[in-house]
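Subject: Structure for you to look at

Hello,

I am handing over the structure we spoke about. My notes on it follow below; please read them with the model open.

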Amino acid sequence: MAPPPGHVFHAAVRDLVTPPAQGTLSVTVHGDDAVKVVAFGFAAGEELSEHTSTLPAIIEVVSGHLVLTLGGEERDAPAGAWALLDPGLPHAVRALEPSVMLLTLVRAAREPL
């Protein structure tokens, strides 16, 4: 069943992806002309090596515990941590324990509602 127009709602973001026993799992939660939202599940010790994005990005740690390297600076990121990354900022992610992270890529600004 398609959601009603005008919004997307998830009652439990932490349940969108389950951290695997090994590796990293990603699931696209939403994508349109304005934003793309991806949920990541990380096994303990897994990481996304340093990379950049051409788009502004928002990282939210939903559960678990991550270390974010943002522009060469390590940040402790337990559940509830949030970061806004400018385009081109080198960044990396490492899971200290099984974790779920939500990544939002901002493609375009929308008109105010």
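Serine 99 has a relative accessibility of 0%, so this residue counts as buried. The model is a predicted one, and that applies to everything below. Serine 99 sits in strand β9, which covers residues 99-106. Its side chain comes to 2.9 Å from the backbone nitrogen of histidine 65. Leaving aside residues up to four places away in sequence, serine 99 is in contact with Pro19, Phe40, Gly41, Phe42, Ser63, Gly64, His65 and Leu66.

Two of those contacts, Phe40 and Phe42, lead to the next point. The structure has one aromatic pair. The pair is formed by phenylalanine 40 and phenylalanine 42: the ring centres are 5.9 Å apart and the planes meet at 15°, so the pair counts as stacked, the limit for that being under 30 degrees. Both rings belong to buried residues, with a relative accessible area of 12% for phenylalanine 40 and 0% for phenylalanine 42.

Phenylalanine 42 has a long contact list. Again not counting residues up to four places away in sequence, it touches Pro19, Pro20, Gly23, Thr24, Leu48, Leu66, Val93, Ala95, Glu97, Pro98, Ser99 and Met101. Phe42 is also one of the residues with the most contacts inside the largest nonpolar core, together with Leu66, Leu68, Met101 and Leu103; this core has 18 residues. Two or more residues come from each of β2 (35-42), β4 (57-63), β5 (65-70), β7 (82-85), β8 (91-95) and β9. Another core, of five residues, lies apart from it and includes Val17, Ala39, Val100 and Leu102. As a general point, nonpolar side chains in soluble globular proteins tend to be buried together.

On the overall fold: the protein contains nine strands and zero helices, and the order along the sequence is β-β-β-β-β-β-β-β-β. Its radius of gyration is 14 Å, close to the 13 Å that the globule rule gives for 113 residues, so the protein is as compact as a globular protein of that length. Along the principal axes, the C-alpha atoms fill a box of roughly 40 × 30 × 20 Å. Buried residues make up 31% of the 113. The exposed surface is about 7000 Å², of which carbon and sulfur atoms supply 55%. Of the contacts between residues at least 6 apart in sequence, 61% join residues at least 24 apart.

Some individual positions follow. The contact lists here also leave out residues up to four places away in sequence.

Valine 38 is part of strand β2 and is buried, at a relative accessible area of 9%. This valine and leucine 102 are 64 residues apart along the chain, yet their C-alpha atoms are separated by 5.9 Å. Leu102 is also among the contacts of valine 38, along with Ser26, Val27, Thr28, Val29, Met101 and Leu103.

Alanine 57 belongs to strand β4 and is buried, with 3% relative accessible area. The residues it touches are Ala83, Leu84, Leu85, Leu103, Thr104 and Leu105. From alanine 57 to valine 93 the distance is 13 Å, C-alpha to C-alpha, with their positions 36 residues apart in sequence counted as separation.

Is leucine 84, one of those contacts of alanine 57, buried or exposed? Leucine 84 is exposed, with a relative accessible area of 54%, which is over the 50% cut-off. This leucine lies in strand β7 and touches Ala57 and Ile58. Its C-alpha atom is 9.4 Å from that of threonine 104, which is 20 residues away along the chain.

Valine 13 lies in the segment before β1 (24-31). With 27% relative accessibility, valine 13 counts as partly exposed. Its contacts are Val62 and Leu102. Valine 13 and valine 29 are 16 residues apart in sequence, and their C-alpha atoms are 9.5 Å apart.

To return to the start of these notes, serine 99 is the buried residue to look at in β9, and the stacked rings of phenylalanine 40 and phenylalanine 42 are both among its contacts.

Regards

Technical notes
Residues numbered from 1 in each chain as written. Predicted model: local features only at pLDDT ≥ 70, side-chain atom pairs only at ≥ 80, totals over all residues. Heavy atoms only, no water. Helix = DSSP H or I, 4+ residues; strand = E, 2+ residues; numbered from the N terminus. Buried < 20%, exposed > 50% of the residue type's maximum accessible area, 1.4 Å probe, protein only. Polar contact = N/O pair within 3.5 Å; in protein donor to acceptor, adjacent residues only side chain to side chain. Contact = heavy atoms within 4.5 Å. Phe/Tyr/Trp six-rings, centres within 6.5 Å; stacked < 30°, edge-to-face > 60°. Core = buried A, V, L, I, M, F, W, Y, C linked by side-chain atoms within 4.5 Å. Rg over C-alpha atoms; globule rule 2.2 N^0.38 Å. Areas by Shrake-Rupley, 256 points an atom, 1.4 Å probe, with all protein chains shown as cover.
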